Amino acid sequence: MGSGTERARGRKRDSDASRAALLGAARDLFGRRGYDAVTLRDIGERAGVDASLVARYFGNKATLYRSAVDEDSREVIVSPETFDLGTFTATALHRADHRGAPGPLVQALLSQSNTPEVRAAAAAEMRARMISPLANRLASEGTEDPVGRAEVLISCLVGVIALRSSGLFDGLSAMSPEVVGAILETATQSGHKRAPHASDSSVEKP
């Protein structure tokens with residue numbers, strides 16, 4: 001018979017495996033169907049464990065969703081100073097293509113959920129992971145209203161991810177992630193402050 005320590009380790013491994021299975025199932029289902037369309041029973045069945053374990057490991061469905069978004073976002077590392085929207089867009093679209101769905105974060109942002117904390121958590125994640133790093137970069141480049149422009153550009157990215165996987169627009173669906181990324185990266189340059197030119201009437205002449 002195994003020792004108490006060995007039994008405890010076995011239970012810990014089972015617990016970790018069950019938690020990981022629930023989290024993986026939640027990421028997949030929330031990413032495909034959105035928050036409201038997924039039940040805890042759906043997640044438990046996909047994970048192959050009792051759905052009641054969600055309460056033990058995560059507390060409730062909303063907390064599980066936030067954990068799923070955090071885990072999904074953690075796979076993409078961005079620099080707050082040199083955020084490259086083109087590269088980020090290409091990576092995000094390749095991920096969406098691979099799983100055939102926009103992902104839990106985009107689904108939550110676009111949903112009309114009756115659970116306001118879900119959308120609030122999604123918006124906070126978007127600001128922290130994408131908008132703030134892009135705004136920091138734009139500010140360092142002398143862009144006017146860097147936060148507002150970052151919000152517009154990231155909103156465009158969210159729409160692109162959602163609509164590209166929908167198949168509603170043939171051109172967008174056929175375009176490579178790299179080309180889409182290049183288009184959005186080019187848009188980051190449009191707000192840069194233009195240096196005064198000698199021909200400008202506003203420039204004082206000696």
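Select Tyr35 to begin: at 6% relative accessibility this residue counts as buried, and the model in which you are looking at it is a predicted one. Tyr35 sits in the loop between helix 1 (4-33) and helix 2 (40-47). Keep its ring displayed, since the next selections are built around it.

Add Phe30, which is buried, as is Tyr35. A pair of aromatic rings is described by the distance of the centres and the angle of the planes. For Phe30 and Tyr35 the ring centres are 5.7 Å apart and the planes stand at 20°, so this pair is classed as stacked, the cut-off for that class being under 30 degrees.

Now bring in Tyr65, which belongs to helix 4 (residues 61-74). With a relative accessibility of 1%, Tyr65 counts as buried. How are the rings of Tyr35 and Tyr65 placed relative to each other? Their centres are 5.8 Å apart and their planes lie at 80°, so the pair is edge-to-face. Because Tyr35 is in the loop between helix 1 and helix 2 while Tyr65 is in helix 4, the pair ties together parts that are 30 residues apart in sequence. With Phe30, Tyr35 and Tyr65 shown together, you have a cluster linked by ring pairs; the count of aromatic pairs in the model comes to four.

Stay with helix 4 and display helix 7 (116-140) beside it. The axes of helix 4 and helix 7 are 10 Å apart, and the two helices pack at an angle of about 20°; helix 4 and helix 7 are therefore roughly parallel to each other. The crossing in which helix 4 passes helix 7 is right-handed. To see the contact itself, select Ala62, Tyr65, Arg66, Val69, Asp70, Ser73 and Arg74 on helix 4, together with Glu117, Val118, Ala121, Ala122, Glu125 and Arg129 on helix 7. Tyr65, already on display from the ring cluster, is thus one of the residues of helix 4 that make this contact. If you colour the selection by residue class, the contact of helix 4 with helix 7 shows six nonpolar, one polar and six charged residues.

From helix 7, follow the chain into the loop that leads from helix 7 to helix 8, where Asp145 is placed. What is the sign of phi at Asp145? The phi of Asp145 is positive, about 45°, although this residue is not a glycine. Switching on the surface at this point is useful for the next value: Asp145 is exposed, with a relative accessible area of 52%.

Continue into helix 8 (residues 146-166) and show helix 10 (residues 177-187) with it. The axes of these two helices come within 11 Å and cross at roughly 160°, and helix 8 and helix 10 are therefore roughly antiparallel to each other. Their crossing is right-handed. On helix 8 the residues to select are Leu153, Cys156, Leu157, Val160 and Arg164, and on helix 10 they are Pro177, Val180, Leu184 and Ala187, which together make the contact. By class, this contact of helix 8 with helix 10 has eight nonpolar, no polar and one charged residues.

For the last stop, return to helix 1 and select Ser18, which is found there. Is Ser18 buried or exposed? With 14% relative accessibility, Ser18 counts as buried. Leaving out residues up to four places away in sequence, Ser18 touches Val49, Leu53 and Tyr57, and displaying these side chains with Ser18 completes the tour.

Note on methods. Residues are numbered from 1 along each chain as its sequence is written. This is a predicted model: local features need pLDDT of at least 70, side-chain atom pairs count only at pLDDT 80 or more; totals for chains, interfaces and linings use all residues. Side-chain values use heavy atoms; hydrogens and water are left out. Axes are lines fitted to C-alpha atoms, for helices over the stretch in contact, and angles run from 0 to 180 degrees between N-to-C directions. Helices (H or I, at least four residues) and strands (E, at least two) are DSSP runs, numbered from the N terminus. Angles under 35 degrees count as roughly parallel, over 145 as roughly antiparallel, 65 to 115 as roughly perpendicular and the rest as oblique. A crossing is left-handed if the near helix is turned anticlockwise from the far one by less than a right angle, and right-handed if clockwise. Contact means heavy atoms within 4.5 Å. Ala, Val, Leu, Ile, Met, Phe, Trp, Tyr, Cys and Pro count as nonpolar, Asp, Glu, Lys and Arg as charged, and the others, Gly among them, as polar. Rings of Phe, Tyr and Trp (its six-membered ring) pair if their centres lie within 6.5 Å; planes under 30 degrees apart count as stacked, over 60 as edge-to-face and the rest as tilted. Buried means under 20% relative accessible area, exposed over 50%, partly exposed in between (1.4 Å probe, protein chains only).
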